[in-house]
Amino acid sequence: QDALKNTPSKFRWLCHADLGRASMTAGRVEAAISELETARRAMPGNAQVHFLLSQAYRRAGRKDDAQRETAEFEKLKAQQDPLGVPGFRPFAFGGGR
């Protein structure tokens, strides 16, 4: 919380994202959701925030919200990193040697 006071406003979303991640690690899911929703409002185009929020919603049993955030994460990730690996799927390339 002290970091928020000393951080320029345009970077405060990072503090909220980190507080959300720390809250999830500590098992405080509702606090995590609150912090991550604040981060999402401040930086809606950040894929990582949507990913973390999807995990928090899933832990809270909010399946529809988790699916929505996962879809947004995947969309943003594809836009921001078109050459990135979408997910590890062993043997998904087809064909054989």
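## Exercises on a predicted model

In this predicted model, R68 has a relative accessibility of 42% and counts as partly exposed.

**Exercise 1.** Determine how D65 and R68 are related in helix 5 and through their side chains.

*Solution.* The accessibility of R68 has been given above. D65, at 18% relative accessibility, counts as buried, because buried means under 20%. D65 and R68 lie three residues apart in helix 5, so about one helical turn separates them. In general, an α-helix has 3.6 residues a turn, so residues three or four places apart point the same way. The two side chains, D65 and R68, meet in a salt bridge with an N to O distance of 2.8 Å.

**Exercise 2.** Identify the network of salt bridges to which D65 and R68 belong, and describe the pair formed by E69 and R40.

*Solution.* Salt bridges link R40, R62, D65, R68 and E69 in a network. Within the pair E69 and R40, the side chains meet at 2.6 Å, N to O. This pair links distant parts of the chain, since E69 belongs to helix 5 and R40 to helix 3, 29 residues apart. E69 is buried, its relative accessible area being 3%. The count of salt bridges comes to seven. Another salt bridge joins D81 and K77, whose closest N and O atoms are 3.4 Å apart. Here D81 is partly exposed at 31%, and K77 is partly exposed at 37%.

**Exercise 3.** Check whether the span of helix 3 agrees with the expected value, and state what its buried residues pack against.

*Solution.* Helix 3 has 14 residues, which at 1.5 Å a residue should span 20 Å. The end C-alpha atoms of helix 3 are 20 Å apart, so the two values agree. The buried residues of helix 3 include V29, A32, I33, L36 and R40. These buried residues pack against helix 2, helix 4 and helix 5.

**Exercise 4.** List the residues of the largest nonpolar core, and trace the contacts of L53.

*Solution.* The largest nonpolar core consists of ten residues: M24, V29, A32, I33, L36, L52, L53, A56, Y57 and A66. Helix 3 and helix 4 each supply at least two residues of this core. Beyond four places in sequence, L53 touches I33, L36, E37, R40 and E69.

**Exercise 5.** Is H50 buried or exposed, and which residues does H50 contact?

*Solution.* H50 is located in helix 4. The relative accessible area of H50 is 4%, so H50 is buried. Apart from neighbours within four places in sequence, H50 is in contact with R40, P44, E69, E72, F73 and L76.

Terms used: Residues numbered from 1 in each chain as written. Predicted model: local features only at pLDDT ≥ 70, side-chain atom pairs only at ≥ 80, totals over all residues. Heavy atoms only, no water. Core = buried A, V, L, I, M, F, W, Y, C linked by side-chain atoms within 4.5 Å. Buried < 20%, exposed > 50% of the residue type's maximum accessible area, 1.4 Å probe, protein only. Helix = DSSP H or I, 4+ residues; strand = E, 2+ residues; numbered from the N terminus. Contact = heavy atoms within 4.5 Å. Expected span 1.5 Å × (residues − 1). Salt bridge = Lys/Arg side-chain N within 4 Å of Asp/Glu carboxyl O.
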